[in-house]
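Thanks for coming. I have one structure to go through this morning, so please have the sequence and the model open.

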Amino acid sequence: MIPPVHRRLRLSGLAAELRADDIGGSGFTLYIGGEQQSHVFTGDPRSLRFDYLRRIANLADLLAPAGAPLRVLHLGGGALTLARYIAATRPGSPQTVIEFEADLLDLVTEVAPLPEGIDLGVIIDDARAGLDRASESAPFDLIVADVYLGSATPAHLASVEFYRELVALLGDAGVLAVNVADDRDLPVARAAAASLAEVFPLVLVAGAQALTEDLDEGNAVLFASRWAGLVSLAAALQAAGPHPSGLVGTERLTAFIGDARAVHDIAPDARG
């Protein structure tokens with residue numbers, strides 16, 4: 001078996017590690033700061049092990065006819081799992097990734113090389129600061145926000161103001177997908193839903209049924225859009241799994257948010 005490969009990320013100081021699957025094959029799990037961040041099968045990029053990645057991939061499958069290219073922006077590189085998936089299922093898709101840690105991308109592409117022919121532009125920058133450069137490739141059909149520093153998303157990448165910058169980069173039928181890993185009662189995911197609802201008229205929350213129904217811990221995937229057609233995809237998204245699959249639609253969003261408050265760069269009561 002291939003031994004784990006380690007790299008100290010110079011900007012964050014966190015340790016990154018790619019571990020080959022114990023059972024062999026072409027699978028690798030990415031750890032950053034000791035936390036599992038992503039998984040990739042280099043020999044079969046259509047196969048996705050992590051549930052949250054599968055839910056985002058399900059959306060990508062529904063956004064256009066099978067095989068049609070999508071223009072995609074990835075905020076956070078991880079193992080470039082979704083970029084590989086979209087390249088395999090929708091050849092010729094122009095994709096852009098903004099990644100803060102150049103060392104991470106070097107590690108990933110060294111151990112798990114990208115497939116031939118992938119159209120992937122790379123911007124090394126903070127996910128928000130790099131939007132100006134990414135805008136040169138806009139509008140996007142899909143923006144995936146999956147940015148973590150250790151076990152948390154930096155506050156400036158989870159605010160109403162940040163989401164307003166993202167909505168400006170989406171096409172008329174474009175969708176933003178946000179991955180939120182959260183504890184029981186989902187305080188972070190519910191606040192993210194409240195923040196997105198201030199910017200987008202349509203917000204869905206996908207996850208395991210225990211998460212969407214009982215606010216159990218796990219990964220919530222929030223889909224947000226100005227496109228009315230997102231609502232028509234809700235049933236298909238839930239049916240696509242992974243199962244048991246749950247989904248919070250527009251009619252339940254207010255109840256899901258509950259007492260959570262939207263996140264702002266500057267708290268509204270602190271503004272002059």
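I'll begin with a single residue, go on to a helix pair, then a sheet, and end with one more helix. Keep in mind that this is a predicted model.

The residue is Leu82. Leu82 sits in helix α2, which covers residues 81–89. Is Leu82 buried or exposed? Its relative accessibility is 9%, and because the cut-off for buried is under 20%, Leu82 counts as buried.

What does Leu82 touch, once neighbours within four places in sequence are set aside? The contacts are with Leu53, Ile56, Ala57, His74, Gln95 and Val144. For a distance to another part of the chain, take Arg46: 36 residues separate Arg46 and Leu82 in sequence, and their C-alpha atoms are 9.0 Å apart.

Three of those contacts, Leu53, Ile56 and Ala57, bring us to helix α1, where they also appear among the residues that meet α2. Two packed helices are described by the angle between their axes and the distance between the axes. Here α1, residues 51–62, packs on α2 at an angle of about 30 degrees, and the axes are 11 Å apart. The crossing of α1 over α2 is right-handed. On the α1 side, the residues in the contact are Leu53, Arg54, Ile56, Ala57 and Asp61; α2 contributes Thr81, Leu82 and Tyr85. Sorted by type, the residues of this contact are five nonpolar, one polar and two charged.

Next, the sheet. Eight strands make up an open, mixed sheet, and their order is β7-β6-β5-β8-β9-β11-β10-β12. Which are the edge strands? They are β7, at 120–124, and β12, at 245–248, each pairing on one side only. On average, neighbouring strands in this sheet are turned by 15 degrees against each other, direction ignored.

Within the sheet, look at β5 and β6. Strand β6 spans residues 95–99 and runs parallel to β5, with four bridges joining the two. One bridge to point out pairs Leu73 with Thr96 in β6.

Last, helix α5, residues 160–167. How many of its eight residues are buried? Six are, and the helix is mostly covered. The buried ones are Val160, Glu161, Phe162, Tyr163, Leu166 and Val167. What covers them? The cover includes three strands, β5 (72–75), β8 (140–145) and β9 (170–182), and two helices, α4 (131–134) and α6 (187–197).

That is the tour; I'll take questions now.

How values were computed: Residues are numbered from 1 along each chain as its sequence is written. This is a predicted model: local features need pLDDT of at least 70, side-chain atom pairs count only at pLDDT 80 or more; totals for chains, interfaces and linings use all residues. Side-chain values use heavy atoms; hydrogens and water are left out. Buried means under 20% relative accessible area, exposed over 50%, partly exposed in between (1.4 Å probe, protein chains only). Contact means heavy atoms within 4.5 Å. Axes are lines fitted to C-alpha atoms, for helices over the stretch in contact, and angles run from 0 to 180 degrees between N-to-C directions. A crossing is left-handed if the near helix is turned anticlockwise from the far one by less than a right angle, and right-handed if clockwise. Ala, Val, Leu, Ile, Met, Phe, Trp, Tyr, Cys and Pro count as nonpolar, Asp, Glu, Lys and Arg as charged, and the others, Gly among them, as polar. Two strands pair if DSSP finds at least two bridges between them.
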